[in-house]
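Reader: I would like a close look at a single part of this model, namely its salt bridges. Please take me through them with care, and place them in their surroundings where you can.

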Amino acid sequence: LTATDALEVFDQEPIRRQLQLLCDVGLGYLTLGQPLSTLSGGESQRIKLAKELGKSGNLYLLDEPTTGLHLADINRLMAILNQLVDDGNSVIVIEHNLDVVEQADWIIDLGPEGGQAGGQIVAAGTPEDVALTSRGHTGRYLRDHLGLEQPASAGTR
């Protein structure tokens, strides 16, 4: 029985709540009793996140959570992260996917390059603020992604 199918079978609220969480994070296709060893890394992460929904006052740090995810799964992940924030949590995401970056409340762009040529804050602010900075690669790519033009007098932040 899949989690989605089980929602139609079980009447007990505690069971239904857990099944609904699986469905909410896009895992309604998992079968009851499915061994954890058969889950992908992304599926395991979403189960962990589902357990956190409804909690508040926590800090979550995710490193490249969209790696290997299909676009539909990225959208689902973003809905989960937004729900965590709406519930009163703080979420910090290290990410290069511009569809995710543009949804951030605040960006801290480190650079100007990677490794030993990086580690400096080259921009900080809203996605639009960072897109209009002249330092770092994120601003340039984000500016193109958002369809913004760099003002002639754009400085660094």
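Author: A salt bridge is taken here as a side-chain nitrogen of Lys or Arg within 4 Å of a carboxyl oxygen of Asp or Glu. The model is a predicted one, and a search of the whole structure under that criterion finds three salt bridges. Side chains of opposite charge can pair when their charged atoms come close.

Let me begin with the pair formed by Arg-46 and Asp-73, whose closest N and O atoms are 3.5 Å apart. Arg-46 lies in helix H3, which covers residues 41-52, while Asp-73 lies in helix H4, so the pair ties together parts that are 27 residues apart in sequence. As for their surroundings, buried means under 20% relative accessible area; Arg-46, at 5% relative accessibility, therefore counts as buried, and Asp-73, at 18%, counts as buried as well.

Asp-73 also meets the side chain of Arg-76 in a salt bridge, with a distance of 3.3 Å from N to O. Here both partners, Asp-73 and Arg-76, belong to helix H4 and stand three residues apart, about one turn of the helix. Arg-76 has a relative accessible area of 31% and is partly exposed, whereas Asp-73 is buried. Taken together, Arg-46, Asp-73 and Arg-76 are linked in a network of salt bridges.

The side chains of Lys-55 and Glu-52 meet in a further salt bridge, at 3.4 Å from N to O. Glu-52 counts as buried at 18% relative accessibility, while Lys-55, with a relative accessible area of 39%, is partly exposed.

Helix H4, which spans 71-86 and holds Asp-73 and Arg-76, has a further part to play in the description of the model, since H4 is among the elements that each supply at least two residues of the lining of the largest pocket, the others being E2, helix H5 (98-101), strand E3 (107-111) and helix H7 (137-146). That pocket has a volume of about 960 Å³, and of the 29 residues that line the pocket, the closest to its centre are Val-93, Ile-94, Glu-95, Val-101 and Ile-107. E3 gives the most to this lining, with five residues.

Methods:
Residues are numbered from 1 along each chain as its sequence is written. This is a predicted model: local features need pLDDT of at least 70, side-chain atom pairs count only at pLDDT 80 or more; totals for chains, interfaces and linings use all residues. Side-chain values use heavy atoms; hydrogens and water are left out. On a 1 Å grid over the protein atoms alone, a cavity is a set of points where a 1.4 Å probe fits but cannot get out, and a pocket is an open set with protein on both sides within 12 Å along at least five of seven lines; lining residues have an atom within 4 Å of a point. Grid points are joined across faces, edges and corners, and a volume is the space filled by probe spheres set on the points. Helices (H or I, at least four residues) and strands (E, at least two) are DSSP runs, numbered from the N terminus. Buried means under 20% relative accessible area, exposed over 50%, partly exposed in between (1.4 Å probe, protein chains only).
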